[in-house]
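Hello,

Here is the structure I promised to pass on. My notes follow below it.

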Amino acid sequence: MSGVLQRLKQFANSPQGRRTIEQVRRTAADPRRRAQAQRLFGKLRARRSGSGM
């Protein structure tokens with residue numbers, strides 16, 4: 001598992017990772033996108049709890 005975390009840290013510190021993180025922050029700050037994400041997560045939670053897991 002530590003190998004995965006190490007690769008994530010390397011990506012986050014790379015130029016591409018920094019661009020991706022900034023894009024995610026801007027998207028998360030948009031109220032319409034936030035509502036869209038909440039609806040998606042709600043659907044996923046309902047599907048997971050309805051499957052008997």
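**Notes on the model**

T27 is a residue of helix α2. This is a predicted model, so please read every value below as computed from it. T27 has a relative accessible area of 36%, so it is partly exposed. A polar atom of the T27 side chain lies 2.9 Å from the backbone oxygen of Q23.

**The salt bridge in α2**

How many salt bridges does a search of the whole structure find? The search finds one. It joins the side chains of R26 and E22, at 4.0 Å from N to O. Side chains of opposite charge can pair when their charged atoms come close.

Both partners, R26 and E22, lie in helix α2, which covers residues 15–29. They are four residues apart, about one turn of the helix. An α-helix has 3.6 residues a turn, so residues three or four places apart point the same way.

Are the two partners buried or exposed? R26 counts as exposed, because its relative accessibility is 53% and the cut-off for exposed is over 50%. E22 reaches 37%, so it counts as partly exposed.

E22 also gives a distance to the preceding helix region. Its C-alpha atom and that of A12 are separated by 11 Å. Those two residues are 10 apart along the chain.

**Overall layout**

The protein has three helices and zero strands. From the N terminus on, the order is α-α-α.

How does the radius of gyration sit against that of a compact globule? A compact globule of 53 residues would come near 10 Å, but this protein has 16 Å. Along its principal axes, the C-alpha trace spans about 40 × 30 × 10 Å.

Burial is low in number: 2% of the 53 residues count as buried. The accessible surface comes to about 5200 Å². Carbon and sulfur atoms account for 56% of that surface.

**Helix α1**

Helix α1 takes in residues 2–13. At 1.5 Å a residue, its 12 residues should span 16 Å. The end C-alpha atoms are 17 Å apart, which agrees. Of the 12 residues, zero are buried, so α1 lies largely in the open.

Two residues of α1 deserve a look. V4 is found in this helix. Its relative accessible area is 38%, so V4 is partly exposed. N13 belongs to α1 as well. N13 is exposed, because its relative accessible area of 55% is over the 50% cut-off.

Which residues form a nonpolar patch on the surface? They are M1, V4, L5 and L8. Together they have about 440 Å² of accessible area.

**Helix α3**

Helix α3 runs over residues 31–50. Its 20 residues should span 28 Å at 1.5 Å a residue. The end C-alpha atoms are 28 Å apart, which agrees. Of those 20 residues, the number buried is zero, so α3 lies largely in the open.

One distance links N13 to R34. Their C-alpha atoms are separated by 25 Å. The two residues are 21 apart along the chain.

**In short**

The model has three helices and zero strands. Its radius of gyration is 16 Å, where a compact globule of 53 residues would have one near 10 Å. Helix α1 lies largely in the open, because zero of its residues are buried. Helix α3 lies largely in the open too, because its number of buried residues is also zero. The one salt bridge that the search finds is formed by R26 and E22.

Best wishes

Note on methods
Residues numbered from 1 in each chain as written. Predicted model: local features only at pLDDT ≥ 70, side-chain atom pairs only at ≥ 80, totals over all residues. Heavy atoms only, no water. Helix = DSSP H or I, 4+ residues; strand = E, 2+ residues; numbered from the N terminus. Buried < 20%, exposed > 50% of the residue type's maximum accessible area, 1.4 Å probe, protein only. Expected span 1.5 Å × (residues − 1). Patch = residues over 30% accessible without salt bridge, like charges linked within 9 Å, V, L, I, M, F, W, Y side chains within 5 Å. Areas by Shrake-Rupley, 256 points an atom, 1.4 Å probe, with all protein chains shown as cover. Rg over C-alpha atoms; globule rule 2.2 N^0.38 Å. Polar contact = N/O pair within 3.5 Å; in protein donor to acceptor, adjacent residues only side chain to side chain.
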